[in-house]
Amino acid sequence: MAGIIEFVQNYFPLLKTILTAVVGLALILFGEGTFRRFYPALCAGMGLAVGMILHSAFPRDEMYMVAVMIGIAAGVVAYENYKCGLVLTAFLASLLASVSFVLRRVYEDTMLGIGGAVSKLNAVPEKSSLLRVWFLRYKYEGDMKEVLSRTYKDENPYTLNGLSKVFEDAADSLQIGLGIALLIAIFAGLISIILADYIIIASTTALGSIMLVGIIEETEFLKQIEYNYKLAIFFFGGMAFQIARYYKSIESERQTKKRRGLYEKVRK
């Protein structure tokens, strides 16, 4: 048992990278098919991921349990009702993709701001720590000195004071970005009631593209192509592939539902 734990600890970053790449590629190429076959598990996994984002914003041990409960609830709701599963998948996939994109942009701006302030931190801030800054700013009523001292406990207070404006701007940007991400997710969930499979294709492709490009960005592969261009290539390429692959089955199912609807109206 100790050997297994040691193996997981040693190779966890590699295993996480491989799993993220595989899941991302699967969502880009087979998001619709994955949803059709495994929508309860897909909803549960995405619900758990949203819960872990909440844990980053609210750094408390009990938030792990909340994340698990969100995942279980999303999976059960999807299992009990296909339509709810469809809406949940569109909502959660769009939310995760949008939040990931926002976090990356805010993180980049923050690092540029730190560099521009000619200040050096002992440890590089993480995206999760920026979420903590955003949350703690409300908890401590805008007292950035207190917020930064609690978020970056090992840093020099004088350095943090010099960077308070940088993190204040990051928290403002994150506030706006998270609001927009939530609106996008709600819109995707609502429009999925009408467009159904096509929104599933778009949302799963977007999430898969974010995941795969994030892995690529950590390597030297395709460094000559900017992040947004890579994201657009994977997204539109995945959309085209999935629509070409599933178009006939989607339209066939739609026609079947229409015929059943007309038949039921005639019988009544």
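**Exercise 1. Decide whether L48 is buried, partly exposed or exposed in this predicted model, and place it in its surroundings.**

Solution. Begin with the relative accessibility of L48, which is 37%. A residue counts as buried under 20% and as exposed over 50%, with partly exposed in between, and therefore L48 counts as partly exposed. Next, locate the residue along the chain: L48 is found in helix α1. Finally, look at its partners on the surface, where L48 joins M52, Y64, M65, V68, M69, I72 and V76 in a nonpolar patch of about 740 Å². The elements that give two or more residues to this patch are α1 (2–57) and α2 (62–80), and the largest share, 6 residues, comes from α2.

**Exercise 2. Find out which parts of the chain are tied together by the salt bridge between R104 and E217.**

Solution. First establish the contact itself: the side chains of R104 and E217 meet in a salt bridge with an N to O distance of 3.1 Å. Then place both residues, R104 in helix α3 (residues 82–116) and E217 in helix α8 (residues 197–217), so that the pair ties together parts that are 113 residues apart in sequence. As a further step, compare the two with the accessibility cut-offs: R104 is buried, with a relative accessible area of 13%, while E217 is partly exposed, with a relative accessible area of 21%. The pair also belongs to a wider arrangement, since R104, E108, E217 and K230 are linked in a network of salt bridges. In total, the structure holds 8 salt bridges.

**Exercise 3. Work out where the partners lie in the salt bridge of D172 with R137 and in that of R150 with E146.**

Solution. Start with D172 and R137, whose closest N and O atoms are 2.6 Å apart in their salt bridge. This pair links distant parts of the chain, with D172 in helix α7 and R137 in helix α4 (residues 127–139), 35 residues apart. At 34% relative accessibility D172 counts as partly exposed, whereas R137, at 9%, counts as buried. Now turn to R150 and E146, whose side chains meet in a salt bridge with an N to O distance of 2.5 Å. Both R150 and E146 lie in helix α5 (residues 144–151), where they are 4 residues apart, about one turn of the helix. R150 counts as partly exposed at 42% relative accessibility, and E146 is partly exposed as well, with a relative accessible area of 26%.

**Exercise 4. Explain why C43 and C84 are not joined by a bond between their sulfur atoms.**

Solution. Recall that a disulfide is a covalent bond between the sulfur atoms of two cysteines. The cut-off for such a pair is a sulfur separation within 2.5 Å. The sulfur of C43 is 9.7 Å from the closest cysteine sulfur, in C84, and this is too far for a bond. By this rule the count comes to 0 disulfides. The surroundings of the two residues can be added: C43 counts as buried at 0% relative accessibility, and C84 counts as partly exposed at 35%.

**Exercise 5. Describe the position of G177, and state how far its C-alpha atom is from that of L103.**

Solution. Place the residue first: G177 is in helix α7 (residues 164–195). Its relative accessibility of 9% means that G177 counts as buried. Lastly, consider the separation in space, for although G177 and L103 are 74 residues apart along the chain, their C-alpha atoms are separated by 8.2 Å.

Conventions
Residues are numbered from 1 along each chain as its sequence is written. This is a predicted model: local features need pLDDT of at least 70, side-chain atom pairs count only at pLDDT 80 or more; totals for chains, interfaces and linings use all residues. Side-chain values use heavy atoms; hydrogens and water are left out. Buried means under 20% relative accessible area, exposed over 50%, partly exposed in between (1.4 Å probe, protein chains only). A salt bridge is a side-chain nitrogen of Lys or Arg within 4 Å of a carboxyl oxygen of Asp or Glu. Patches are made of residues with over 30% relative accessible area and no salt bridge: like charges are joined within 9 Å, nonpolar side chains (Val, Leu, Ile, Met, Phe, Trp, Tyr) within 5 Å. Accessible areas come from the Shrake-Rupley method with a 1.4 Å probe; for residues, only the protein chains shown count as cover.
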